[in-house]
Amino acid sequence: MPPAHAPGGKQPPAGPGGKAAALPPPEPALRHRALAALFVALLSLAGLLGFNIEAPRAILVVIYSLLAGATALWLALTAMRRARRSRTARPRGSVAATVIAGVGIGLAGAMLMAFGLFGRQLSDYGRCLSGANTIAGSQTCYSRFSHALDREIGLTGRR
């Protein structure tokens with residue numbers, strides 16, 4: 001098997017055991033940036049966990065999660081890009097922050113789309129649930145919500 005070559009035709013310096021030498025650690029500023037990205041990405045998901053359809057400000061929670069996820073993604077990607085430019089190792093936590101931020105952005109985007117498409121039905125469902133005091137009442141709310149969605153997307157043929 002031929003030896004692997006680095007971009008530009010140069011072979012990376014060999015370390016112990018014939019493997020490529022490890023990159024130097026990233027600068028402290030990049031490590032802090034990656035850690036901040038991870039923290040903000042986790043806050044994005046925590047915002048989604050605190051989501052409650054019965055709350056009147058539910059859409060604000062989703063928007064917060066979307067913005068926090070976007071901020072975390074930007075922080076993580078710029079930390080990795082700066083580490084690559086300075087030829088240092090990728091900051092610890094930057095990949096995890098990227099993945100978590102991507103999940104948060106995806107979930108928040110899907111929820112915003114649901115609010116955009118079915119906002120009235122979701123609002124009615126939330127109001128119904130806030131007044132339901134029993135399990136049977138909650139089931140009635142769900143049944144009404146399900147029928148309202150069916151009518152909205154045209155599954156029952158009536159609108």
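Which side chain of opposite charge is nearest to arginine 33, and how far away is it? Let's start there today. The answer is glutamate 27, at 9.9 Å, and arginine 33 is buried yet has no salt bridge. Buried here means under 20% relative accessible area, exposed means over 50%, and partly exposed is in between, with a 1.4 Å probe and protein chains only. A salt bridge is a side-chain nitrogen of Lys or Arg within 4 Å of a carboxyl oxygen of Asp or Glu. As for charge, Lys and Arg count as positive and Asp and Glu as negative, while His and the chain ends are not counted.

Before going on, a word about what's on the screen. This is a predicted model, where local features need pLDDT of at least 70 and side-chain atom pairs count only at pLDDT 80 or more, while totals for chains, interfaces and linings use all residues. Residues are numbered from 1 along each chain as its sequence is written, and side-chain values use heavy atoms, with hydrogens and water left out.

Now the overall picture. The protein has four helices and zero strands, so helices and strands need a rule: they are DSSP runs, H or I of at least four residues for helices and E of at least two for strands, numbered from the N terminus. Read from the N terminus, the elements go α-α-α-α. There are 159 residues, and 26% of them are buried. The accessible surface comes to about 10,600 Å², with 64% of that belonging to carbon and sulfur atoms. Those areas come from the Shrake-Rupley method with a 1.4 Å probe, and for residues only the protein chains shown count as cover. What about contacts, meaning heavy atoms within 4.5 Å? Among those between residues at least 6 apart in sequence, 66% join residues at least 24 apart.

Back to arginine 33. You'll find it in helix H1, residues 28–49. Not counting residues up to four places away in sequence, arginine 33 touches Trp74, Leu75, Thr78, Ala79 and Arg82. That last one, arginine 82, lies in helix H2, residues 58–85. Is arginine 82 buried or partly exposed? Arginine 82 counts as partly exposed because its relative accessible area is 43%.

Arginine 82 also has company: Arg81, Arg82, Arg84 and Arg85 gather in a patch of positive charge on the surface. Patches are made of residues with over 30% relative accessible area and no salt bridge; like charges are joined within 9 Å, and nonpolar side chains (Val, Leu, Ile, Met, Phe, Trp, Tyr) within 5 Å. The place of a charge is taken as NZ of Lys, CZ of Arg, CG of Asp or CD of Glu.

Keep walking along the chain and you come to arginine 87, in the loop between H2 and helix H3 (94–131). Arginine 87 has a positive phi of about 55° although it is not a glycine. Most residues other than glycine have a negative phi. Arginine 87 counts as exposed, because its relative accessibility is 65%.

H2 has a nonpolar side to its story too. Ile59, Leu60, Ile63 and Leu67 make a nonpolar surface patch of about 360 Å², and leucine 60 has its place in helix H2. Over in helix H3 sits leucine 112, which is partly exposed at 25% relative accessible area. Leaving aside its neighbours within four places in sequence, leucine 112 is in contact with Ile59, Val62, Ile63 and Leu66. Take isoleucine 63: in sequence it is 49 residues from leucine 112, yet C-alpha to C-alpha the two are 7.7 Å apart.

So how many salt bridges does a search of the whole structure find? Two. In one, aspartate 124 pairs with arginine 120, with the closest N and O atoms 3.9 Å apart. These partners are about one helical turn from each other because they are four residues apart in helix H3. In the other, arginine 127 pairs with aspartate 124, and here the closest N and O atoms are 2.4 Å apart. Both of these also lie in H3, three residues apart. Shared partners join Arg120, Asp124 and Arg127 into one network. Aspartate 124 is partly exposed at 33% relative accessible area, while arginine 120 is exposed at 55% relative accessibility and arginine 127 is exposed at 52%.

Last stop, helix H4, residues 135–153, home of glutamine 139. Glutamine 139 is exposed, at 53% relative accessibility. Its C-alpha is 9.2 Å from that of leucine 129, 10 residues away along the chain.

Note on methods
Contact means heavy atoms within 4.5 Å.
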